[in-house]
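Reader: I've got a structure open on my screen and I'd like to know what the descriptive words really rest on. Can we go through them?

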Amino acid sequence: METLSPASIQVQTVSKQFGEKVVLKDITLSVPRASIFGLLGPSGSGKTTLVRMIAGIDAPSSGDVHVLGQKMPQLAMLSQIGYMAQSDALYAELTAQENLAFFAALYGLKGAKCKQRIQEVMALVDLSAHLKKQVSNYSGGMKRRLSLAIALLHEPSILILDEPTVGIDPVLRKSIWQELTNLSQQGTTILLTTHVMDEADKCHQLGMIRDGVLTAVGTPGELKQATSTSTIEEAFLVYGGAGA
């Protein structure tokens, strides 16, 4: 069996409450460096809350989150993390180019390198022809693609993507997954949430979440074997179904 690299992301007995509502309960997981780790769970299961804490946007109610050995949340880690939220955080009155330039400045990207990266990420998400278009004129799918371009812009060590391919057509989805695979092979650690079962199968490891509890962690093959199922969808139903 392949030896996994040291963990880039460590979550230790993390719980999160909003008032009386417990959203996450005692989550412990480890994401190896240069791997693609998928969080799979129904809407409202706590996936977004967990990735927001790993990205340093929220703090846990209890427990610890470490990214690249640093306790989160920590502002200094901003340059190391690319985060794509479930709702697009874009400036609608600006063009795509102006949005990218704004985020590039936040990450300290300047000059020729900045221009080069803007061209590269827009080509990757197939938006090069729409660089100077105002974002208010973008479709929902185009906004998702621009959000992904922004997350990739500064070549972060850690990519955290919340439902990155929602509203993206299958052909482009395939090329985006090819790029994610390439990035992980080059050393980038990728944590993503997904509802799409064929995407879950492409992850090196999966964590199944239901009602704020991590019900299983393993490779897609291990999870299928443990549940005596032939597809991730069937395994997911065993772990996350009504009887779980």
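Author: Let's start with handedness: a crossing is right-handed if the near helix is turned clockwise from the far one by less than a right angle, and left-handed if anticlockwise. Keep in mind that this is a predicted model.

Reader: Which hand does the crossing of H2 and H3 have?

Author: H2 passes H3 in a right-handed crossing, so by that rule the near helix is turned clockwise from the far one.

Reader: What makes H2 and H3 oblique to each other?

Author: Their axes lie 11 Å apart and pack at about 125 degrees. Angles of 65 to 115 degrees count as roughly perpendicular and those over 145 as roughly antiparallel. The value of about 125 degrees fits neither class, so H2 and H3 are called oblique.

Reader: Which residues meet there, and how do they divide into nonpolar, polar and charged?

Author: From H2 come Ala96, Leu100, Ala101 and Ala104, and they meet Cys114, Ile118, Val121 and Met122 of H3. That contact has eight nonpolar residues, no polar and no charged. Cys counts as nonpolar in this scheme, as do Ala and Met.

Reader: And why are H2 and H4 called roughly parallel?

Author: The cut-off is under 35 degrees. The axes of H2 (residues 96-106) and H4 (residues 140-152) cross at roughly 30 degrees and come within 10 Å, so the pair is roughly parallel. This crossing is right-handed. On the H2 side the contact uses Ala96, Asn99, Leu100 and Phe103; H4 brings Leu146, Ala149 and Ile150. Six of these residues are nonpolar, one is polar and none is charged.

Reader: What makes a residue part of the lining of the largest pocket?

Author: A lining residue has an atom within 4 Å of a point of the pocket. For the largest pocket, with its volume of about 410 Å³, 21 residues pass that test. Nearest the centre are Ile57, Leu78, Tyr83, Phe103 and Tyr107. Of the lining residues, 16 are nonpolar, four polar and one charged.

Reader: Which element gives the most to that lining?

Author: Strand E6, with three residues. H2 and H4 also supply at least two each.

Reader: How do you know that Ala85 touches Arg144 and Asp162?

Author: Contact means heavy atoms within 4.5 Å, and Ala85, in the loop between E6 and H2, has such contacts with Arg144 and Asp162. The C-alpha atoms of Ala85 and Pro164 are 8.2 Å apart in space, though 79 residues separate the two in sequence.

Key. Residues numbered from 1 in each chain as written. Predicted model: local features only at pLDDT ≥ 70, side-chain atom pairs only at ≥ 80, totals over all residues. Heavy atoms only, no water. Axes fitted to C-alpha atoms, helices over the stretch in contact; angles between N-to-C directions. Helix = DSSP H or I, 4+ residues; strand = E, 2+ residues; numbered from the N terminus. 1 Å grid on protein atoms, 1.4 Å probe; cavity = no way out; pocket = protein on both sides within 12 Å on 5 of 7 lines; lining within 4 Å. Points joined across faces, edges and corners; volume = space filled by probe spheres on them. Lists of a residue's contacts leave out its neighbours within four places in sequence.
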